[in-house]
Amino acid sequence: MIRLFRRTKAPKVIPEAELARRLVDPDYTCVCCGKVVGAAKRLRPEAPFSWKNPPEPADDDSFDAGGVEIFTHNYARRDGDNLLRAYLPVPVKGTEGSVFLGIWCSLKAGNHARFRAAQARGDADKLGELHSWLYTQLPRLTGPLLTEGVLVPYSEGRKPLYWITNERHPFHAAQQEGLSATEILEVYESFGHGDVVSCLKA
């Protein structure tokens with residue numbers, strides 16, 4: 001009996017320039033599932049580094065109630081560190097756009113309180129740059145920890161941006177020179193966002 005085998009199709013190869021275009025297009029829609037994946041520009045870890053199985057996030061207002069361990073949608077306290085969410089911008093090579101990697105960073109207690117109050121008022125941009133430490137591992141599982149940087153607040157309650165100032169950190173160069181679309185998708189994969197990568201490569 002002759003057995004017939006179907007030839008396996010080679011995986012679809014998307015040109016680098018097209019991947020880059022999709023990454024920065026806020027309205028890009030996956031051709032397979034119809035999902036708008038413009039949110040791929042903003043991905044974030046669920047909790048600060050080393051905090052396994054964090055609780056469900058509480059409302060941000062609960063941070064002011066105090067406590068040794070606090071985890072809200074945008075703030076956290078653990079081991080004496082006062083943390084908050086920010087975005088780390090990385091230019092996409094070959095485009096005029098950037099992606100924004102969600103990270104956790106720390107502020108001194110006084111600056112953390114000032115930031116929360118100003119963020120609630122919508123005028124956090126008046127604070128200027130704030131010295132901060134990065135509390136998210138970049139690259140995932142291999143990168144250095146507790147890297148110095150600056151937090152740049154913005155008005156109207158918008159998420160602040162984080163800029164690495166330690167020139168020895170691999171993402172310092174990435175923020176200055178950009179990463180290719182393929183390199184960015186590898187970062188997404190490392191943070192468990194393979195579904196987004198699949199949509200961008202469909």
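Let's start with one residue, Q176, which is found in helix 3, residues 170-177. Is Q176 buried or exposed? Its relative accessibility is 52%, and exposed means over 50%, so Q176 counts as exposed. Now look for V150: Q176 and V150 are 26 residues apart in sequence, and their C-alpha atoms are 14 Å apart in space.

Before we go on, please remember that what you see is a predicted model.

Let me step back to the whole chain. How many helices and strands does the chain have? There are five helices and eight strands. If you walk from the N terminus, the order reads α-β-β-β-β-β-α-β-β-β-α-α-α. Along its principal axes, the C-alpha trace spans about 75 × 35 × 30 Å. The chain has 202 residues, and 46% of them count as buried. Its accessible surface comes to about 11700 Å², with 52% of that belonging to carbon and sulfur atoms.

Contacts tell us how the chain folds back on itself. Take the contacts between residues at least 6 apart in sequence: 56% of them join residues at least 24 apart. As for charge, the chain carries 26 positive and 25 negative charges, and the mean positions of the two sets are 7 Å apart.

Next, the inside. In soluble globular proteins, nonpolar side chains tend to be buried together. Here, the largest nonpolar core has 46 residues. Which of its members touch the most other members? They are L23, L88, L101, L151, Y162, F171 and Y188. Let's zoom in on L101. Leaving aside neighbours within four places in sequence, L101 is in contact with L43, A86, Y87, L88, V90, L138, F171, V187 and Y188. Apart from that largest core lies another one, made of seven residues, including A47, F71, L83 and Y135.

Now to the helices, beginning with helix 1, residues 16-24. The buried residues of helix 1 are L19, A20, R22, L23 and V24. You may recognise L23 from the list of best-connected core members, those that touch the most others. What lies over these buried residues of helix 1? The cover includes strand 5, helix 4 (181-190) and helix 5 (194-201).

Helix 2 covers residues 109-121, which makes 13 residues. From its first C-alpha to its last, helix 2 reaches 19 Å, close to the 18 Å expected at 1.5 Å a residue. Which residues of helix 2 are buried? The answer is H112, F115, R116, A118 and Q119. Here is a handy rule for reading that list. An α-helix has 3.6 residues a turn, so residues three or four places apart point the same way. Try it on H112, F115 and R116, which are all on the buried list. Among the elements covering the buried residues of helix 2 are strand 3 (75-78), strand 4 (81-91), strand 5 (98-107) and strand 7 (147-152).

A113 also sits in helix 2. At 35% relative accessibility, A113 counts as partly exposed, because that label falls between the buried limit of 20% and the exposed limit of 50%. The C-alpha atoms of A113 and L84 are separated by 11 Å, and these two residues are 29 residues apart along the chain. Right after helix 2 comes G122, with a positive phi near 90°.

For contrast, let's visit strand 7, where T147 is found. T147 has a relative accessible area of 3%, so it is buried. Which residues does T147 touch, not counting those up to four places away in sequence? They are S132, W133, L134, Y162, I164, N166 and H169.

Last stop, the loops. The loop between strand 3 and strand 4 holds D79 and also G80. D79 is not a glycine, and yet its phi is positive, about 55°. D79 is exposed, with a relative accessible area of 65%, and G80 counts as exposed at 60%. From G80 to L127 is 23 Å, C-alpha to C-alpha, with their positions 47 residues apart in sequence.

N53 belongs to the loop between strand 1 (42-43) and strand 2 (70-71). N53 is another non-glycine with a positive phi, about 50°. Its relative accessible area is 76%, so N53 is exposed.

That's my tour. Thanks for listening!

Technical notes:
Residues numbered from 1 in each chain as written. Predicted model: local features only at pLDDT ≥ 70, side-chain atom pairs only at ≥ 80, totals over all residues. Heavy atoms only, no water. Helix = DSSP H or I, 4+ residues; strand = E, 2+ residues; numbered from the N terminus. Buried < 20%, exposed > 50% of the residue type's maximum accessible area, 1.4 Å probe, protein only. Contact = heavy atoms within 4.5 Å. Areas by Shrake-Rupley, 256 points an atom, 1.4 Å probe, with all protein chains shown as cover. Lys, Arg positive; Asp, Glu negative; His and termini not counted. Charge placed at Lys NZ, Arg CZ, Asp CG, Glu CD. Core = buried A, V, L, I, M, F, W, Y, C linked by side-chain atoms within 4.5 Å. Expected span 1.5 Å × (residues − 1).
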